[in-house]
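Me: I am new to this structure and should be grateful for a close look at a single part of it. Please choose the helix packing, and set it in the context of the chain.

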Amino acid sequence: MSDPVVRLDREASGLAVMTLDSPPLNLFDRRMIDDLGAALRSLAAEPPRALLVRADGRAVSAGVDVEVFSGLTPETGRALWIELLEMIETVEELPAPVLFAAHALTLTAVFELALACDLIVASPKAKFGLVEKVVGLTPSMGGTQRLAERAGSGRARQFVISGGIFPAEELERWGVVNEIYPAEEFEARARALAEELAAGPTKAHAMTKRVLRRFREGGIPAADEVIRTEAAELFATEDLQNAVRTFLEHGGPGHATFEGR
């Protein structure tokens, strides 16, 4: 059996690193779909304290292998979209922060995967595109609507209908990319951020994601209801109790060690 093209490495700190490893272009083909699905099922069954999504190769991904679309009918195409959207929803529902690191060209399906993550960091060399129009499609892994959530529907229309490729600096201005790191520091700084997230109060981060998910679904009233009915559960966590105790003992923050419990 050949090695998977999506590697999942779990570290003792609780950080998981998922790497697209089909260089040089990391085309989103059937093999990558299957391996990505297997990795995400593993993460859902045993969630990490944080997840870093990255890629090896000269591109994060040069897009979907068009062979995937050959011979599809409306019925089989619908089944594929259902499968792929389930992956996106799995990423969003992980009870831990998810960081996407884009060091280079990031197109179509893998950019849609990035938009499902909580944070996106990029190298100045990174470029992004949803270029499905070249084969007569519209993005179907949730990218259009998730781009609109971050940048507004006008930007999403421009991005998708133009089929253009946009630099990291522009997407940072739009609020899609959270931070840009210098190319020579990119890997180290992305990993450092992921490690910081993994060392944080995991259950509090999961609650933040739950609040924002409900905000997306039902606006401020729905998010407020999560605070009323669920957020107080954090007072039972070891992390909160330890952080409050050390804050009082030392007269300020910065002394707590979070264990994700």
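Reply: What follows is an account of the helix packing, preceded by the chain as a whole and followed by some individual residues.

The model is a predicted one. Its chain contains 9 helices and 9 strands. The radius of gyration is 19 Å, close to the 18 Å that the globule rule gives for 261 residues, so the chain is as compact as a globular protein of that length. Taken along the principal axes, the box filled by the C-alpha atoms is roughly 65 × 40 × 40 Å. Buried residues make up 44% of the 261 in the chain. Among contacts with a separation of 6 or more, 69% are between residues 24 or more positions apart.

The helix pairs come next. Two packed helices are described by the angle between their axes and the distance between the axes.

The pair to examine closely is α4 and α5. Helix α4 covers residues 143–151 and helix α5 covers residues 153–162; the two pack at an angle of about 135°, with 7 Å between their axes. This angle makes α4 oblique to α5, because an angle over 145 degrees would be needed for the pair to count as roughly antiparallel. The crossing of these two helices is right-handed. On the α4 side, the residues in contact are Thr144, Leu147, Ala148 and Ala151, and they meet Ser153, Arg155, Ala156, Phe159 and Val160 of α5. Sorted by class, the contact of α4 with α5 has 6 nonpolar, 2 polar and 1 charged residues.

Helix α4 also packs with helix α3, which spans residues 108–115; the axes of α3 and α4 come within 9 Å and cross at roughly 45°. That angle makes α3 oblique to α4, and the crossing of α3 and α4 is left-handed. Here Glu112, Ala114 and Leu115 of α3 meet Gly143, Arg146, Leu147 and Arg150 of α4. The residues of this contact divide into 3 nonpolar, 1 polar and 3 charged. Leu147 of α4 thus appears in the contact with α5 and in the contact with α3.

One residue of α3 merits a separate remark. Thr108 lies in this helix, and its phi is near 45°, a positive value in a residue other than glycine. With a relative accessibility of 5%, Thr108 counts as buried, because the limit for that class is under 20%.

Elsewhere in the chain, helix α2 (residues 74–93) packs with helix α8 (residues 202–229) at an angle of about 130°, and the axes of the two are 10 Å apart. Helices α2 and α8 are therefore oblique to each other. Their contact is made by Val91, Glu92 and Glu93 of α2 together with Lys209, Arg213 and Arg216 of α8. By class, this contact has 1 nonpolar, no polar and 5 charged residues.

Helix α2 is also the place of Leu80. Leu80 is buried, with a relative accessible area of 7%. Leaving aside residues up to four places away in sequence, Leu80 touches Arg30, Ile33, Val68 and Leu72. One of these, Val68, is 12 residues from Leu80 in sequence, and the C-alpha atoms of the two are 9.6 Å apart in space.

Helix α1, residues 30–45, is the place of Ser42. Ser42 has a relative accessibility of 31% and counts as partly exposed. Leu8 and Arg10 are the residues that Ser42 touches, not counting residues up to four places away in sequence. Arg157 lies 115 residues from Ser42 along the chain, and 35 Å separates their C-alpha atoms.

The loop between β2 (15–20) and α1 completes this account, and Pro24 lies in that loop. The peptide bond from Pro23 to Pro24 is cis, with omega near 10°. Asn26 lies in the loop between β2 and α1 as well. The phi of Asn26 is near 50°, a positive value in a residue other than glycine. Asn26 is buried, its relative accessible area being 0%.

Note on methods
Residues numbered from 1 in each chain as written. Predicted model: local features only at pLDDT ≥ 70, side-chain atom pairs only at ≥ 80, totals over all residues. Heavy atoms only, no water. Axes fitted to C-alpha atoms, helices over the stretch in contact; angles between N-to-C directions. Helix = DSSP H or I, 4+ residues; strand = E, 2+ residues; numbered from the N terminus. Parallel < 35°, antiparallel > 145°, perpendicular 65-115°, else oblique. Left-handed = near helix turned anticlockwise from the far one by under 90°. Contact = heavy atoms within 4.5 Å. Nonpolar A, V, L, I, M, F, W, Y, C, P; charged D, E, K, R; others polar. Rg over C-alpha atoms; globule rule 2.2 N^0.38 Å. Buried < 20%, exposed > 50% of the residue type's maximum accessible area, 1.4 Å probe, protein only.
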